[in-house]
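Work through the exercises below with the sequence and coordinates open. Each task is followed by a solution in steps.

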Amino acid sequence: MDSSNISQLYCAGSKATLSVAATWLQDELTTIHLEIGSSRGDFLCSLAEVNRNHRFIGVEIDQAKCFLAVEKAVRLKLGNTIFVQNEGYDFVSKNIPNGSIAFLHVYFPTPFVVAPFFFEKLGNEKFFLEAYRVLRPSGIFRIVTDHEDYFSEMQAALERSKFWFTEWTSPGGNIPEGYYVNTPLERKFRREAKKVYYFNLVRS
Ligand SMILES: C[S@@+](CC[C@H](N)C(=O)[O-])C[C@H]1O[C@@H](n2cnc3c(N)ncnc32)[C@H](O)[C@@H]1O
């Protein structure tokens, strides 16, 4: 798809996208999902297809991946989904009001930082405080990772937070038996029979 065909609504990082996000975030009656590290949009688009009355905001730092996610949303005619090209913590702290998000998704967050001056790892206390702030009461925060050390690091930080730890609850959509989120990385790790860890957190 040619970039000129992409509707203003979906333009990653554009002012138009940010103003759509701002309008959606004011609407307390609609269920809003936020995914950080949404990559090429596979997870969010598949959930958006079967939850047309919910709204979905994906945040991805990589411009090329974000552009592919935008193309996917346009191809599937998902008027309930936008993707923003931004660093996750930066976007959340500057753009998301208190108590506006029903579901926060972070799947296979990058366990290392290539350019710490540009962005930080997401699985730290600073990001978790923001996650708590933006979730609605009883909102759900799901994290999935294959990385044991990163899992332990996140667990230590989350134990100091006000989140409640619960058993896994499926996000819904097209998730095969035995999978948590069916993202491209989960499919890869399941094929390799690699252990996958999760947090299913509830905002108190
Ligand atoms: C390992 S991939 C996982 C992608 C997808 N969630 C999945 O499960 O297949 C992590 C993604 O998060 C993005 N990412 C990493 N750190 C980020 C940050 N701080 N803010 C926004 N995106 C980030 C990366 O560019 C990459 O697309």
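**Exercise 1. The ligand shell**

How do the residues of the shell around the ligand divide into nonpolar, polar and charged?

Solution. The model is a predicted one. Sorting the shell by residue class gives ten nonpolar, five polar and four charged residues. The shell holds 19 residues, and those that come nearest to the ligand are Gly-37, Ser-39, Gly-88, Thr-183 and Leu-185. Next, assign the shell to secondary structure: β2 (55-60) and α7 (184-191) are the elements that give two or more residues to it.

**Exercise 2. Overall dimensions**

Determine whether the radius of gyration of the chain agrees with that of a compact globule.

Solution. Step one is the expected value: for 204 residues, a compact globule would have a radius of gyration near 17 Å. Step two is the value for the chain, 16 Å, so the two agree. As a further description of extent, the C-alpha atoms fill a box of roughly 45 × 40 × 35 Å along the principal axes. Buried residues account for 37% of the 204 residues. Turning to contacts between residues at least 6 apart in sequence, 76% of them join residues at least 24 apart.

**Exercise 3. Strand order**

List the elements along the chain, then give the order of the strands in the sheet.

Solution. The chain has seven helices and seven strands. Read from the N terminus, they run α-β-α-β-α-β-α-β-α-β-α-β-α-β. In space, seven strands form an open sheet of mixed pairing, ordered β3-β2-β1-β4-β5-β7-β6. The edge positions belong to β3 (81-85) and β6 (164-166); each has a single partner strand, so one side of each is left without a neighbour in the sheet. On average, neighbouring strands of this sheet are turned by 20° against each other, direction ignored. Helix α6 (residues 148-159) packs on the sheet, where it touches β5 (135-145) and β7 (197-202). The direction of α6 makes about 20° with that of β7.

**Exercise 4. Pairing sense**

Which strand pairs run parallel and which antiparallel, among β1 with β2, β2 with β3, β5 with β7 and β6 with β7?

Solution. Take the pairs in turn.

- β1 and β2 run parallel and are joined by five bridges; Ile-32 stands opposite Arg-55 in β2.
- β2 and β3 pair in the parallel sense, also over five bridges; Val-59 has Val-84 in β3 as its bridge partner.
- β5 and β7 run antiparallel, with six bridges; the partner of Ile-140 in β7 is Val-202.
- β6 and β7 run antiparallel, with three bridges; Trp-164 has Val-202 in β7 as its bridge partner.

Val-202 is thus listed as a partner of both Ile-140 and Trp-164.

**Exercise 5. Burial in two strands**

Is Pro-137 buried or exposed, and how many residues of β1 are buried?

Solution. Begin with Pro-137, which lies in strand β5. Pro-137 has 8 C-beta neighbours inside 10 Å, and therefore counts as exposed. Apart from neighbours within four places in sequence, Pro-137 is in contact with Gly-99 and Arg-203. Arg-55 is 82 residues away from Pro-137 along the chain, and their C-alpha atoms are separated by 18 Å.

Now take β1 (residues 32-36), where five of five residues are buried. Side chains in a regular strand alternate between the two faces of the sheet. Both faces of β1 are covered, with Ile-32, Leu-34 and Ile-36 buried on one side and His-33 and Glu-35 buried on the other.

Note on methods. Residues are numbered from 1 along each chain as its sequence is written. This is a predicted model: local features need pLDDT of at least 70, side-chain atom pairs count only at pLDDT 80 or more; totals for chains, interfaces and linings use all residues. A residue is near a molecule or strand if its C-beta atom, placed from the backbone, lies within 6 Å of it. Helices (H or I, at least four residues) and strands (E, at least two) are DSSP runs, numbered from the N terminus. Ala, Val, Leu, Ile, Met, Phe, Trp, Tyr, Cys and Pro count as nonpolar, Asp, Glu, Lys and Arg as charged, and the others, Gly among them, as polar. The radius of gyration is taken over C-alpha atoms; the globule rule is 2.2 Å times the number of residues to the power 0.38. A residue is buried if 20 or more other C-beta atoms lie within 10 Å of its own, exposed if 12 or fewer, and partly exposed in between; C-beta atoms are placed from the backbone. Two residues are in contact if their C-beta atoms, placed from the backbone, lie within 7 Å. Two strands pair if DSSP finds at least two bridges between them. Axes are lines fitted to C-alpha atoms, for helices over the stretch in contact, and angles run from 0 to 180 degrees between N-to-C directions.
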